[in-house]
Structures are given as C-alpha cells and as structure tokens.
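Subject: Structure for you to look at

Hello,

Here is the structure I promised to hand over. Please open it beside this email and follow along.

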Amino acid sequence: MRAKRIDNTATVLIAYAKSIGFDYVPINDIIDGLLIFGQVVIIVDWKSKGGELTPAQSRLVARGVPMRFIQRPEQLDALKVELLRSL
C-alpha cells in the first residue's frame with residue numbers, strides 16, 4: 001500500500017506537536033495518525049482551513065469514537081494543557 005501524501009498543513013502541525021512534547025505515528029487511512037503524550041494516545045486528523053470530515057470519519061464520530069480534528073497550533077497547546085491537568 002502506498003502512503004498517502006502529507007499536505008503542508010499536516011507537516012507544520014506534526015512538527016509543532018513534536019516540538020511541544022508529543023510523539024506522532026502516521027496511519028494515513030480514515031484518520032491521519034496517533035498523537036502520543038506519555039501513555040495517552042489521541043486519534044488525530046489534520047484539517048486544512050475549511051477541511052471537512054470524510055464520510056468514514058463522520059461515521060466514526062457518530063459512533064462516539066473520540067477523535068481530534070486539528071487545524072491550528074493553538075489547538076495542540078490546548079490539548080497539551082488538557083492532558084497535563086488530567087495527570
């Protein structure tokens with residue numbers, strides 16, 4: 001299987017996530033990958049401005065699957081604060 005191309009938005013956000021302490025594992029299927037912070041794993045999909053959920057993502061959300069859709073570095077900052085508070 002050939003890996004999906006990573007767009008510029010994702011590249012910038014992945015680099016930022018790593019710079020603030022997250023690890024990242026690409027999946028490139030229904031979702032882009034997994035963010036890892038300590039022992040916490042977050043399902044993530046990087047969205048460009050105006051990017052919409054795919055039909056498969058919408059089905060997962062409707063089933064209650066916890067997913068994060070990230071467009072901006074500020075969302076990663078907020079996620080890190082949220083995770084640190086829960087420790």
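Start with two rings. Phenylalanine 22 is buried, and phenylalanine 37 is buried too. Keep in mind that this is a predicted model.

**Aromatic pairs**

How many aromatic pairs does the structure hold? There are two. A pair of aromatic rings is described by how far apart the centres are and by the angle of the planes.

Phenylalanine 22 and phenylalanine 37 make up one of them. Their ring centres are 5.1 Å apart, and the planes meet at 50 degrees. That makes the pair tilted. It joins distant parts of the chain, with the two positions 15 residues apart in numbering. Phenylalanine 22 sits in the loop between helix H1 (8-19) and strand S1 (23-26). Phenylalanine 37 belongs to strand S2 (residues 33-37).

Tyrosine 24 and tryptophan 46 also form a tilted pair. Here the distance is 5.6 Å centre to centre, with 55 degrees between the planes. This pair links distant parts of the chain as well: tyrosine 24 is in strand S1, tryptophan 46 is in strand S3 (residues 40-46), and they are 22 residues apart.

Are tyrosine 24 and tryptophan 46 buried or exposed? The cut-off for buried is under 20% relative accessible area. Tyrosine 24 has 13%, so it counts as buried. Tryptophan 46 has 5%, so it is buried as well.

**The sheet**

Now turn to the strands. Four of them form an open sheet, in the order S1-S2-S3-S4, with mixed pairing. S1 and S4 stand at the edges. Each has a single partner strand, so one side of each lacks a neighbour in the sheet. On average, neighbouring strands are turned by 35 degrees against each other, direction ignored.

Look at S2 and S3 next. They run antiparallel and are joined by five bridges. Leucine 35 has isoleucine 42 in S3 as its bridge partner. The hairpin of S2 and S3 has two residues between the strands. In that hairpin, glycine 38 takes a positive phi near 65 degrees.

S3 also pairs with strand S4 (residues 67-70). This pairing is parallel and has four bridges. Aspartate 45 is bridged to phenylalanine 69 in S4. Tryptophan 46, which you met above, stands opposite isoleucine 70 in S4.

**The helices**

Which helix packs on the sheet? H1 does, and it touches S1, S2, S3 and S4. The direction of H1 makes about 155 degrees with that of S3.

Helix H2 (residues 55-62) has another place. Together with S3 and S4, H2 makes a right-handed β-α-β unit.

Finally, find leucine 76 in helix H3 (residues 73-86). Leucine 76 is buried, with a relative accessible area of 0%. What is leucine 76 in contact with, leaving aside its neighbours within four places in sequence? The list is Leu13, Tyr16, Ala17, Ile20, Phe22, Leu35, Trp46 and Ile70. Several names there should be familiar by now. Take phenylalanine 22: leucine 76 is 54 residues from it in sequence, yet the two are 9.2 Å apart in space, C-alpha to C-alpha.

Have a look, and write back with questions.

Best wishes

Terms used: Residues are numbered from 1 along each chain as its sequence is written. This is a predicted model: local features need pLDDT of at least 70, side-chain atom pairs count only at pLDDT 80 or more; totals for chains, interfaces and linings use all residues. Side-chain values use heavy atoms; hydrogens and water are left out. Rings of Phe, Tyr and Trp (its six-membered ring) pair if their centres lie within 6.5 Å; planes under 30 degrees apart count as stacked, over 60 as edge-to-face and the rest as tilted. Buried means under 20% relative accessible area, exposed over 50%, partly exposed in between (1.4 Å probe, protein chains only). Two strands pair if DSSP finds at least two bridges between them. A crossover is right-handed if, with the strands pointing away from the viewer, the path from the first strand over the helix to the second runs clockwise. Axes are lines fitted to C-alpha atoms, for helices over the stretch in contact, and angles run from 0 to 180 degrees between N-to-C directions. Contact means heavy atoms within 4.5 Å.
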